[in-house]
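Here are some short exercises to help you find your way around a new structure. Try each task on your own, then follow the solution step by step.

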Amino acid sequence: MEGAEAGSKRVGEAAEEDTGSAEGHEPRGRQRVPPSYVWDPLPPLKIRGARGSSYIHVGSGLTLSGLILAVASYLLLASIPLTALGVSMTILGSVLLALSRGLPTLSPQATSALMESGLRNVSAILEELGLSSKAVYLSSSRTGRDPKALIPLRSNPSLPKPEKPLPERFIVRYGAHPEDLGVLVTTPGSLAVSMLDSKPSPRATDIESALTSLAVMMGLADAAKVSMSAERVTVELSYPRLAREELWAYRLLGSPLASIVASIVAEALGKPVLIEREEHVGAKGIIDLRVVD
Amino acid sequence: MELASKYILSLTLAYTLTTVTLSALSENRLDLYISMYALEYFVFTLLHSPFNSRARKALDAIGFTLFAVFMLVVALKVLEILYGPLL
């Protein structure tokens, strides 16, 4: 009831505001927007995973049956092997319950459909804007929250090297010159970096272990090998599992896998990074990055 | 096959083999079974890492429990050696 009353009050207030503006105090087309219509960021999407719940059901069943079997076998049957069997069932059930917490909530097909539709939309926007310069991956220290990719609006000979942190907007100014404008986009790498426990240090071994753990955890590749020089970073991925498509976004941002690699390297080095080359040789994916400094 | 499925399958296989082998050898020491399970748990968890942070926290909790049980088994064995059979 209280909710309904509050709702009707809000509608009433909105109507009053509308009436007030319609009475001639404000010109048409400049009416005040009622507070209830003001855009509010949506809370994160929560999806209940069918796979996680099946792990929970099997895990709970196994843990409970294991406990009953262990206690009954020890106290009533006095059988050590059966008690041990009960203990092993309990451990396996607990492991299933533990794993259910980390399972993806969506199936790979649904995730792939969501990612592809997002990338196709980004491709369409970038193509319509007529952007053709390759993206420069920036660390979170230069973009605010997550590492992002900056696509310059004009193909300048010099690559963007923003000194100050950029505002969290779509179109940003990154330099003092009038042509220093670019589009700041969130990439798959921006979100993948947040899955790491801590920011990797700029050493090759640390970047390698961060990339390997992320690639294995996300099921994107089996391992990563990193070789570094002052201006170049080469990452070799074993058995990469994300295919590259012919999308405009991929031309500018690189494939999702390359984007993840570039974001992590940029974050670790704290410097802008550009994807120079990306190729598949047999079961290996090679990604060449240039450090913009 | 994904990582979690591989891990569960390997652990189940290892526990089955341990239980069958030790019971076939007429082993009647429960502490031996539990020690073997704990050892296998740590080995297979390490081999199939990394898991994501939420799963890893829960797996760490199981690991701590198994380690505590294992330490209890060891402590009881030491006491048994020092002071003779306890039970």
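## Exercise 1: One serine and its surroundings

S35(B) touches F70(B) and V73(B), leaving aside residues up to four places away in sequence. Keep in mind that this is a predicted model.

**Task.** Find which helix holds S35(B), and work out whether S35(B) counts as buried, partly exposed or exposed.

**Solution.**
- Start with the place: S35(B) sits in helix α2 of chain B.
- Next, count neighbours: S35(B) has 17 C-beta neighbours inside 10 Å. A residue needs 20 or more to be buried and 12 or fewer to be exposed, so S35(B) counts as partly exposed.
- Finally, look at one of its partners: S35(B) and F70(B) are 35 residues apart in sequence, yet their C-alpha atoms are 5.9 Å apart in space.

## Exercise 2: The helices of chain B

**Task.** Describe the make-up of chain B, and check whether the length of α3(B) agrees or disagrees with the expected span.

**Solution.**
- Chain B has three helices and zero strands, and along the sequence the pattern reads α-α-α.
- Of its 87 residues, 21% count as buried.
- Take helix α2 (residues 30-47) of chain B: its 18 residues reach 26 Å from first C-alpha to last, close to the 26 Å expected at 1.5 Å a residue.
- Now take α3(B): its 31 residues should span 45 Å at 1.5 Å a residue, and the end C-alpha atoms are 44 Å apart, so the two values agree.
- Just after α3(B) comes G84(B), which has a positive phi, near 85°.

## Exercise 3: What is buried, and what covers it?

**Task.** List the buried residues of α2(B) and of α3(B), then say what they pack against.

**Solution.**
- In α2(B), the buried residues are Y33(B), I34(B), M36(B), Y37(B), A38(B), E40(B), Y41(B), F44(B) and T45(B).
- These buried residues pack against α3 of chain A together with α1 (3-24) and α3 (53-83) of chain B.
- In α3(B), the buried residues are A55(B), L59(B) and L66(B).
- The cover over those residues includes α3 of chain A together with α2 of chain B.

## Exercise 4: Where the chains meet

**Task.** Say how many residues each chain gives to the contact, and which element of chain A gives the most.

**Solution.**
- Chain A gives 23 residues to the contact and chain B gives 24 residues.
- On the side of chain A that touches chain B, α3 (80-100) and α7 (204-218) of chain A each supply at least two residues.
- The element that gives the most to this side is α3(A), with 14 residues.
- By class, this side of chain A divides into 15 nonpolar, six polar and two charged residues.

**Task.** Decide how α3(A) and α1(B) run relative to one another.

**Solution.**
- Two packed helices are described by the angle between their axes and the distance between the axes.
- Here α3(A) and α1(B) pack at an angle of about 175°, and their axes are 10 Å apart.
- Angles over 145 degrees count as roughly antiparallel, so α3(A) is roughly antiparallel to α1(B).
- From α3(A), the contact uses P81(A), A84(A), L85(A), S88(A), L92(A), V95(A), L96(A) and L99(A); from α1(B), it uses A4(B), I8(B), L11(B), T12(B), Y15(B), T19(B) and S23(B).
- By class, this helix pair brings together 11 nonpolar, four polar and no charged residues.

## Exercise 5: Chain A and its confidence

**Task.** Say which elements of chain A have the lowest and the highest mean pLDDT.

**Solution.**
- Chain A has nine helices and eight strands, and 32% of its 293 residues count as buried.
- Its pLDDT averages 79, and 81% of the residues score at least 70.
- Among the elements of chain A, helix α1 (residues 2-25) has the lowest mean pLDDT (42), whereas α3(A) has the highest (94).
- Over residues 1-30 of chain A the pLDDT is below 50, and this stretch has 12 contacts in the model beyond near neighbours in sequence.

**Task.** Is K164(A) buried or exposed?

**Solution.**
- K164(A) lies in the loop between β2 (148-152) and β3 (171-173) of chain A.
- K164(A) has 8 C-beta neighbours inside 10 Å, so it counts as exposed.
- K164(A) and G175(A) are 11 residues apart in sequence and 9.0 Å apart in space, C-alpha to C-alpha.

Key
Residues numbered from 1 in each chain as written. Chains lettered and ligands numbered in written order. Predicted model: local features only at pLDDT ≥ 70, side-chain atom pairs only at ≥ 80, totals over all residues. Contact = placed C-beta atoms within 7 Å. Helix = DSSP H or I, 4+ residues; strand = E, 2+ residues; numbered from the N terminus. Nonpolar A, V, L, I, M, F, W, Y, C, P; charged D, E, K, R; others polar. pLDDT = per-residue confidence, 0-100. Expected span 1.5 Å × (residues − 1). Axes fitted to C-alpha atoms, helices over the stretch in contact; angles between N-to-C directions. Parallel < 35°, antiparallel > 145°, perpendicular 65-115°, else oblique.
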